[in-house]
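Colleague: I've got this model open and would like a close look at one part of it, with the surroundings filled in afterwards. Pick a helix, start there, and then take me through the contacts and packing elsewhere in the chain.

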Amino acid sequence: MAESKVKYDRQLRIWGEQGQAALEKASICLLNCGPTGSETLKNLVLGGVGSITVVDGSKVEVGDLGNNFMVDESSVGESKAKCVCAFLQELNDAVKAKFIEDCPEELIETNPSFFSQFTLVIATQLVADSMVKLDRICREANIILIFARSYGLMGFVRISVKEHTVIESKPDHFLDDLRLNNPWPELTRFTETIDLNTTDAVVHKHTPYIIILVKIAEEWANTHGGNLPSTREEKRQFKDLIKSKMITIDEENYKEAMEASFKVFSPRGIGANLQKIIDDGGTEIDSNSSDFWVMVAALKEFIANEGVGETPLEGSIPDMTSSTELYVNLQKNYQAKAEADFLVMERRIGNLLKKIGRDPASISKTNIKSFSKNARKLAVCRYRLIEEEFNSPVQPELQKYLMDEDHGTLQEANSLKVLPENTAAGLYILLRAADRFAVNYNKFPGQFDGVMDEDISRLKTTAVGLLNDLGCNSSALSEDLINEMCRYGASELHAVAAFVGGVASQEVIKLITRQFIPMSGTFIFNGIDNKSQLLLL
């Protein structure tokens, strides 16, 4: 592990040793190693995944030299999977790499059990029919699946897994768990030992703002019927009350207290997202329940009992102006409360495990401690089957995406027979239409020279048919966007493939480490305008 710490120093600072260990245990399968697949896997190999298996039955052609940096002139005529695998192995010899010279589509048809050996499957450049079949296979085997595709100047990324739970979601903006408006008894007793009216100027200007806010919140509540500030005027008055306690204008701790006063006004108890999770049917646990749902069931009990409506305390405090002694004692107070909450959670989890016939110690203390610390930030992600999205997308969402901003409402846009040009929704519809086109004509639109006008007409007809099937029969795509899609000729451009591969590999890391929240919909990259959008269909 010492060598890994040096090699992966920067990323360890993001997802820690636990996340890196998950990566190093992961086994990843890549279907098709063109530019999109190669770029995706390159990022993961450099990140230190455990093993990779590259599946591709094609040979390297001269055209590959212009968009895939992992093959060269000496590779022409050789197995593409073999060449790419060898290149990736050179990037990180700690990763176990192997290749299979087989057509992914044939493997999906003839050997579906093949995929059950992997942690995660990355399927690149598959058409709709193969995507649907592979999705069913991976869903039944409970294997995480990511689709990635680049098509001319557009890109597509979609995650598919029945359920993905996240403990360390690491949101960018989240209030510190300080309980300023709901202090526990030990914190209240500690703050009572501090006199804000002290005449000692040094002590006064080095009292932590947490103590200042807890005491002033109590003072306010005592004169306002037990209520804290709620209106804008009351919040202004609360800040004025803090300011009135200052002795000199240079007291940074009181300025910090005024700036952090909004933390006092935040609602007590748990947020809507967490409430939704603890109300989920997953909390009705049995012997087959995952560790996550066992811990959520224990959390539900904790909130209803020992927590008195709150989650276990996180136990950390931010930096602030303070004397060393007061800061350390305050920190110990928070840590002691967090440890006490953790012990209650550990006991409740053990009791639940015993109740469902599992070893009470089967969930490690490390995992319970992490869960307790991050209880406010849990996330549960569920994904529709790609077949469901393709056949019956969420109609209100699809109509919203098909709305033309220049014409206001969808009805107005439809009356003019237009669809927003170069938007994610338009590109999404055209990519699916291109797959239908390929099934009907055994080629992609614009793939061969000399029949561009005919392909444009056929793609337009195919797209209209698709829109009708999706219940958008009064919408139509712009001619320019259809022409552009035909101009692509199903080509993979390296710049687009590299971007799509970067997005896909980022999502893979989120899913394997179970840190950060993965994308919840279909990601569309529009290289024409350099914009991207997530479609929730």
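**Helix α3 and beyond**

Modeller: Let's start with α3: 10 of its 13 residues are buried, so this helix is largely enclosed by the rest of the structure. Bear in mind that this is a predicted model. The buried residues of α3 are Pro35, Thr36, Gly37, Ser38, Glu39, Thr40, Leu41, Leu44, Val45 and Gly47. Buried here means under 20% relative accessible area.

The length of α3 also checks out. The helix runs over residues 35-47, and at 1.5 Å a residue its 13 residues should span 18 Å; the C-alpha atoms at its ends are 18 Å apart, so the two values agree. Just after α3 comes Gly48, which takes a positive phi of about 95°.

From the helix, let's move to the sheet. There is an open sheet of 8 strands with mixed pairing, in the order β3-β2-β1-β4-β5-β6-β9-β10. Its edges are β3 (96-100) and β10 (531-535), each of which pairs on one side only. On average, neighbouring strands of this sheet are turned by 15° against each other, direction ignored. If you want one strand pair to zoom in on, take β4 (residues 120-124) and β5, which run parallel and pair over 5 bridges. Thr124 has Ala148 in β5 as its bridge partner. Helix α20 packs on this sheet, where it touches β5, β6 (154-160), β9 (522-526) and β10, and its direction makes about 100° with that of β9.

Now for the nonpolar packing. The largest nonpolar core has 56 residues, and Leu31, Phe115, Val121 and Leu134 touch the most other members. Helix α20 turns up again here: it gives this core its largest share, 11 residues. For a feel of the surroundings of one member, look at Val121. Not counting residues up to four places away in sequence, Val121 touches Cys29, Leu31, Phe115, Leu134, Cys138, Ile143, Ile144, Leu145 and Ile146. Another core lies apart from that one, with 41 residues, among them Leu88, Val157, Ala504 and Val508.

On to the charged pairs. The count of salt bridges comes to 34. One of the pairs is Arg149 with Asp435, whose closest N and O atoms are 2.7 Å apart. This pair links distant parts of the chain, since Arg149 sits in strand β5 (residues 144-151) and Asp435 in helix α20 (residues 424-441), 286 residues apart. Both ends are tucked away: Arg149 is buried because its relative accessible area is 5%, and Asp435 counts as buried at 6% relative accessibility.

A second pair is Arg348 with Glu306, where the closest N and O atoms are 3.1 Å apart. Here the link runs from helix α15 (residues 324-355), which holds Arg348, to the loop between α14 (291-304) and α15, which holds Glu306, and the two are 42 residues apart. Their exposure falls into separate classes: Arg348 has 16% relative accessibility, so it counts as buried, whereas Glu306 has 32% and so counts as partly exposed. These two also belong to a network of salt bridges that links Glu301, Glu306, Arg347 and Arg348.

A third pair brings together the side chains of Asp455 and Lys443 in a salt bridge of 3.0 Å, N to O. Asp455 is in helix α21 (residues 452-469) and Lys443 in the loop between α20 and α21, 12 residues apart. Asp455 is buried, as its relative accessible area is 0%, and Lys443 counts as buried too, at 12%.

Last stop, Leu299, which has its place in helix α14. With a relative accessibility of 0%, Leu299 counts as buried. Leaving aside neighbours within four places in sequence, Leu299 is in contact with Leu274, Ile278, Thr311, Pro312, Met345, Phe371, Ala375 and Leu378. To get a sense of scale, try Leu299 against Asn68: the two are 231 residues apart in sequence and 49 Å apart in space, C-alpha to C-alpha.

Notes: Residues numbered from 1 in each chain as written. Predicted model: local features only at pLDDT ≥ 70, side-chain atom pairs only at ≥ 80, totals over all residues. Heavy atoms only, no water. Helix = DSSP H or I, 4+ residues; strand = E, 2+ residues; numbered from the N terminus. Expected span 1.5 Å × (residues − 1). Buried < 20%, exposed > 50% of the residue type's maximum accessible area, 1.4 Å probe, protein only. Salt bridge = Lys/Arg side-chain N within 4 Å of Asp/Glu carboxyl O. Core = buried A, V, L, I, M, F, W, Y, C linked by side-chain atoms within 4.5 Å. Contact = heavy atoms within 4.5 Å. Pairing = 2+ DSSP bridges. Axes fitted to C-alpha atoms, helices over the stretch in contact; angles between N-to-C directions.
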